[in-house]
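Colleague: I should be grateful for a close look at a single part of this model, namely one helix and its surroundings. Please set out the details in a connected account.

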Amino acid sequence: MRIGELARTTGVTTRALRYYEEQGLLRPERSANGYRSYGEGAVRVVANIRLLLAAGLTTDDLRLLDGCLRDELIGPHTCADPTPKIEVFEQRLALLQARINDLVAVRDQLLDRLSDLRGQPPRTVRPACAVTPHVAPEPAAAA
């Protein structure tokens with residue numbers, strides 16, 4: 001199929017498909033006249049690229065997965081060597097957890113300040129899901 005048909009089938013712009021190609025994530029064949037030609041597997045690759053980008057992975061992460069982009073990412077795993085996928089997912093999950101921790105810390109600070117502004121006692125119980133945040137201590141108040 002040509003680039004326009006792949007774009008219509010996947011709901012992705014041709015510009016995005018060209019970008020995926022530039023990033024080495026999508027590899028069309030070229031016909032004698034230079035037109036891109038995509039096999040049926042390209043639909044799955046594009047769907048996987050979109051899914052993983054939406055999940056917070058970067059195109060650099062996706063390049064590390066390379067051959068796994070052709071696999072079914074949701075459901076049974078068929079990648080010959082899952083090691084790159086495991087490593088990339090673990091790294092991305094660690095970054096996401098750090099972001100979550102930071103957001104929980106900000107939320108807790110805002111809740112504490114809101115309680116203070118309302119003249120309510122400070123919260124004494126933290127939500128069970130909160131993890132120790134990575135936040136710098138607040139500066140001491142000037143005397």
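Modeller: I begin with a residue just beyond the helix in question, in a model that is predicted. Setting aside residues up to four places away in sequence, L26 touches L6, L17, Y20, E21, Y38, A42, V45 and V46. Two of these partners, L17 and Y20, are among the buried residues of helix α2, which spans residues 14-22. That helix is the part I shall examine.

The buried residues of α2 are A16, L17 and Y20. Viewed down the axis of the helix, these residues fall within an arc of 100 degrees, so they line one face of α2. The pattern accords with a general property of the fold element: an α-helix has 3.6 residues a turn, so residues three or four places apart point the same way. On the face of α2 turned away from the buried side are the exposed residues R15 and E22. The cover over the buried residues of α2 includes helix α1 (3-10) and helix α3 (41-54). Just after α2, G24 adopts a positive phi of about 80 degrees.

The buried face may next be placed in its wider setting. The largest nonpolar core has 22 residues, and those touching the most other members are L6, L17, Y20, L26 and L62. Four elements, α1, α2, α3 and α4 (59-65), each give two or more residues to this core. Among the contributors, α3 gives the most, with five residues. In general terms, nonpolar side chains tend to be buried together in soluble globular proteins. L17 and Y20 thus appear both in the list of buried residues of α2 and among the core members that touch the most others.

The neighbouring helices deserve some attention as well. T10 belongs to helix α1, and T10 counts as buried because its relative accessibility is 17%, under the limit of 20%. Apart from neighbours within four places in sequence, T10 is in contact with V43 and V46. V46 is also one of the residues that L26 touches. Elsewhere, the charged end of R2 sits over the ring of Y35, at 4.1 Å from the ring centre.

For context, the protein chain contains five helices and two strands, and its elements run α-α-β-β-α-α-α from the N terminus on. Of its 143 residues, 27% count as buried. Among contacts in the protein chain with a separation of 6 or more, 50% are between residues 24 or more positions apart.

A further site, on helix α5 (residues 83-117), may be set beside this one. R92 is found in that helix and is buried, with a relative accessible area of 12%. Its side chain forms a polar contact of 2.6 Å with the side chain of D61, and the side chain of R92 also reaches the backbone oxygen of G56 at 3.4 Å. Leaving aside neighbours within four places in sequence, R92 is in contact with G56, L57, T58 and D61. R92 and L57 lie 35 residues apart in sequence, with 6.7 Å between their C-alpha atoms. I86 also lies in α5, but I86 is partly exposed, with a relative accessible area of 44%. Between I86 and L65 the separation is 21 residues in sequence and 9.2 Å from C-alpha to C-alpha.

To return to the helix itself, α2 carries A16, L17 and Y20 as its buried residues, with R15 and E22 exposed on the face turned away from them.

How values were computed:
Residues are numbered from 1 along each chain as its sequence is written. This is a predicted model: local features need pLDDT of at least 70, side-chain atom pairs count only at pLDDT 80 or more; totals for chains, interfaces and linings use all residues. Side-chain values use heavy atoms; hydrogens and water are left out. Buried means under 20% relative accessible area, exposed over 50%, partly exposed in between (1.4 Å probe, protein chains only). The arc is that of the directions from the helix axis to the C-beta atoms. Contact means heavy atoms within 4.5 Å. A nonpolar core is a set of buried Ala, Val, Leu, Ile, Met, Phe, Trp, Tyr and Cys residues joined through side-chain atoms within 4.5 Å. A charge sits over a ring if NZ of Lys or CZ of Arg is within 6 Å of the ring centre and within 35 degrees of the ring normal. A polar contact is a pair of N or O atoms within 3.5 Å; within protein, one must be able to donate a hydrogen and the other to accept it, and residues adjacent in sequence count only if both atoms are side-chain atoms.
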